[in-house]
Amino acid sequence: KASPRTHSYTKYNSWDKVQSWIASISSSNPSLISRQVIGKTYEGRSMTLLKLGKKSSSAKPAIFMDCGIHAREWISPAFCQWFVKEALSTYGKDSQMTSLLDQMDVYVLPVFNIDGYDYTHKSNRMWRKTRSRRSGSSCVGADPNRNWNAGWCTIGASSSPCSDTFCGYKPESEIEVKNVADFIRRNKSAIKAYITIHSYSQLLLFPYSYTYDLAAHHSELLKIAQGASAALRRLYGTRYTSGPGAATIYPAAGGSDDWAYDLGVKYSFTFELRDTGRYGFLLPESQIKPTCEETMLAVKYIAAYVQKNLY
Ligand code: PAY
Ligand code: ZN
């Protein structure tokens with residue numbers, strides 16, 4: 001069993017490695033981290049959610065962050081692992097992290113689409129979707145970022161099971177989406193921010209993607225995204241573009257950020273990490289460290305804003 005110290009944060013770890021890391025890191029520091037299984041994937045793997053935060057006798061507001069909705073976006077789970085490590089190692093040293101974990105809980109789902117992630121390591125590096133099957137179609141999986149109940153399958157999604165953007169047979173047809181949606185619904189009053197990590201394109205997106213209509217909190221979300229992008233850029237000069245999904249990348253219905261926002265989670269963001277296409281999904285391992293370091297600054301910027309603007 002890998003201890004959190006021997007785990008490599010600068011490699012793209014297989015699901016088996018991530019799974020043993022989840023077990024060891026959550027038992028390494030019981031006063032700051034705990035874990036809970038929120039359900040199983042289609043293929044039966046346990047979806048373990050980590051909760052970071054100082055134990056408190058009263059209810060704490062929370063941030064929910066997931067990585068690896070799309071199987072091939074390997075830098076994304078690498079970032080969630082990095083975030084957990086950094087949170088634990090800087091608590092008590094970095095004043096912002098200390099105050100964040102004292103006052104709030106941060107839920108981290110290290111790999112959302114575990115079946116797909118495992119498949120990209122073993123069979124097809126460019127797989128994007130889940131691995132669900134249904135009789136009547138020989139095509140496998142649905143797009144877990146088109147399967148949420150937010151303008152479901154109306155635009156930028158396909159109703160064809162063989163498409164890479166297949167929206168599924170109905171909203172939350174994918175068990176992984178249902179498990180996370182159920183958790184967020186159950187904890188709706190605590191969850192103040194939703195952050196989902198994708199790659200690539202270097203964008204910081206916020207609602208909406210299912211419509212060109214501006215979100216009710218558009219100017220506040222834009223201001224936060226621009227502040228977070230500026231913080232990120234300060235480290236290595238990496239340029240991000242901020243804006244609503246539909247106008248900034250493309251219209252796409254059924255996404256998790258729009259769903260969380262419409263549920264009432266005001267601070268809802270989608271990161272598209274490095275790069276802008278040179279390597280795309282095949283970002284070299286040598287870029288894991290700088291990518292994670294700069295992304296930490298943006299995520300911490302958003303967290304600090306949320307902490308100061310609880311609602
Ligand atoms: O919010 O509009 C949104 C979602 C955008 C992402 C999506 O298609 O779900 C963007 C893509 C992603 O990360 O999956 C971008 C990558 C490069 C892709 O596959 O096109
Ligand atoms: Zn993605």
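**Notebook: surface patch, ligand site and strand E8**

I first looked up a nonpolar surface patch and found one of about 270 Å², made by Met126, Tyr279 and Leu282. I note that the model is predicted.

I then placed one member of this patch, Met126. Methionine 126 is found in the loop that lies between helix H4 (114–122) and helix H5 (175–186). I recorded a relative accessible area of 39% for methionine 126, which is therefore partly exposed.

Next I turned to ligand 1. I found 15 residues surrounding ligand 1, the closest being Arg128, Arg146, Ser209, Tyr250 and Glu272. I looked up three distances from polar side-chain atoms to an oxygen atom of ligand 1: 3.0 Å for glutamate 73, 2.7 Å for tyrosine 250 and 2.8 Å for glutamate 272. Taken alone, ligand 1 exposes 470 Å², and the protein buries 92% of that.

Glutamate 272 led me to strand E8 (residues 267–273), where seven of seven residues are buried. I checked the side-chain directions in E8: Ser268, Thr270 and Glu272 point one way, while Tyr267, Phe269, Phe271 and Leu273 point the other way.

Finally I asked which strands pair with E8. Strand E5 (residues 191–199) pairs with E8 in the parallel sense over seven bridges, and histidine 198 stands opposite glutamate 272 in E8. Strand E6 (residues 203–206) runs antiparallel to E8 and is joined to it by three bridges. Here I noted leucine 205 opposite threonine 270 in E8.

Note on methods
Residues are numbered from 1 along each chain as its sequence is written. Chains are lettered from A and ligands numbered from 1 in the order in which they are written. This is a predicted model: local features need pLDDT of at least 70, side-chain atom pairs count only at pLDDT 80 or more; totals for chains, interfaces and linings use all residues. Side-chain values use heavy atoms; hydrogens and water are left out. Patches are made of residues with over 30% relative accessible area and no salt bridge: like charges are joined within 9 Å, nonpolar side chains (Val, Leu, Ile, Met, Phe, Trp, Tyr) within 5 Å. Accessible areas come from the Shrake-Rupley method with a 1.4 Å probe; for residues, only the protein chains shown count as cover. A salt bridge is a side-chain nitrogen of Lys or Arg within 4 Å of a carboxyl oxygen of Asp or Glu. Helices (H or I, at least four residues) and strands (E, at least two) are DSSP runs, numbered from the N terminus. Buried means under 20% relative accessible area, exposed over 50%, partly exposed in between (1.4 Å probe, protein chains only). A residue is near a molecule or strand if one of its heavy atoms lies within 4 Å of it. A polar contact is a pair of N or O atoms within 3.5 Å; within protein, one must be able to donate a hydrogen and the other to accept it, and residues adjacent in sequence count only if both atoms are side-chain atoms. Two strands pair if DSSP finds at least two bridges between them.
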